[in-house]
Amino acid sequence: MNKSRIELLDVVALTIDLPEYNLYRGQVGTVVELLADGAAFEVEFSDRNGRTYESVGLRPEQIMVLHFEPASPDSVPQMMPV
């Protein structure tokens, strides 16, 4: 699996804090809409009962896609030497 694009219905986690929305790094949401031709995404955050408590537009650098299957060696980003 070599997926670098964020797509509709991907499960994502915040990589930053958004205290103005009461959302913090690590919170998990679902991409529910592609905005600006994929330059931004509407992400819905729901509780354990499936009730949405926040929906916010986010840029790709503010979220990361969560993977539920083992990654192949080809899909793991290479670390740059320091």
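1. **Strands and helices.** The protein chain has five strands and zero helices. Read from the N terminus, its elements run β-β-β-β-β. The model is a predicted one. The points below therefore describe computed features of a prediction.

2. **Chain totals.** The protein chain holds 82 residues, and 23% of them are buried. Its exposed area is about 6200 Å². Carbon and sulfur atoms supply 53% of that area. Among contacts with a separation of 6 or more, 39% join residues 24 or more positions apart.

3. **Pairing of β2 and β3.** These two strands run antiparallel and share five bridges. β2 covers residues 28-35. One pair to look at is Thr30, whose bridge partner in β3 is Glu44. The two strands form a hairpin, with four residues between them.

4. **The turn between β2 and β3.** Two residues in this loop deserve a look. Ala36 lies in the loop between β2 and β3. Its phi is positive, near 50 degrees, and Ala36 is a residue other than glycine. Asp37 sits in the loop between β2 and β3 as well. Asp37 also has a positive phi, about 55 degrees, although it is not a glycine. Are these residues buried or exposed? Ala36 has a relative accessible area of 59%, so it counts as exposed, the cut-off being over 50%. Asp37 is exposed too, at 88% relative accessibility.

5. **Pairing of β3 and β4.** Six bridges join β3 to β4, and the strands run antiparallel. Two positions help to trace the pairing. Val43 has Val56 in β4 as its bridge partner. Phe45 stands opposite Glu54 in β4. This hairpin has five residues between its strands. Gly50 takes a positive phi there, near 85 degrees.

6. **Cover of β3.** β3 pairs with β2 and with β4. How many of its seven residues are buried? Five are, so the strand counts as mostly covered, with buried meaning under 20% relative accessible area.

7. **The largest nonpolar core.** This core has 13 residues. Leu14, Val43, Phe45, Leu58 and Ile63 touch the most other members. Which strands supply at least two residues each? They are β1 (11-14), β3 (40-46), β4 (52-58) and β5 (63-65). The largest share, three residues, comes from β3.

8. **Leu14 and its contacts.** Leu14 is one of the core residues that touch the most other members. Leaving out residues up to four places away in sequence, Leu14 touches nine listed neighbours: Leu23, Tyr24, Arg25, Gly26, Gln27, Phe45, Leu58, Gln62 and Ile63. Among them, Phe45, Leu58 and Ile63 also belong to the core residues that touch the most other members.

9. **Leu18 in a loop.** Leu18 is found in the loop between β1 and β2. Is it buried or exposed? Leu18 is at 7% relative accessibility, under the 20% cut-off, so it counts as buried. Leu18 touches Leu23, Leu58 and Gln62, with residues up to four places away in sequence not counted. Gln62 is 44 residues from Leu18 along the chain. The C-alpha atoms of Leu18 and Gln62 are separated by 9.6 Å.

10. **Asp10 before β1.** Asp10 belongs to the segment before β1. Its relative accessible area is 11%, under the 20% cut-off, so Asp10 is buried. Asp10 and Val43 are 33 residues apart along the chain. Their C-alpha atoms are separated by 9.3 Å. Val43 is the residue whose bridge partner in β4 is Val56.

11. **A nonpolar patch on the surface.** Which residues make the nonpolar surface patch of about 310 Å²? They are Leu8, Leu9 and Leu34. Leu34 lies in strand β2. At a relative accessible area of 44%, Leu34 is partly exposed, because it falls between the 20% and 50% cut-offs.

12. **Where to look.** Begin with β3, which pairs with β2 over five bridges and with β4 over six. Then turn to the core, where β3 supplies three residues. Finish at the loop between β2 and β3, which holds Ala36 and Asp37.

Methods: Residues numbered from 1 in each chain as written. Predicted model: local features only at pLDDT ≥ 70, side-chain atom pairs only at ≥ 80, totals over all residues. Heavy atoms only, no water. Core = buried A, V, L, I, M, F, W, Y, C linked by side-chain atoms within 4.5 Å. Buried < 20%, exposed > 50% of the residue type's maximum accessible area, 1.4 Å probe, protein only. Contact = heavy atoms within 4.5 Å. Patch = residues over 30% accessible without salt bridge, like charges linked within 9 Å, V, L, I, M, F, W, Y side chains within 5 Å. Areas by Shrake-Rupley, 256 points an atom, 1.4 Å probe, with all protein chains shown as cover. Salt bridge = Lys/Arg side-chain N within 4 Å of Asp/Glu carboxyl O. Pairing = 2+ DSSP bridges.
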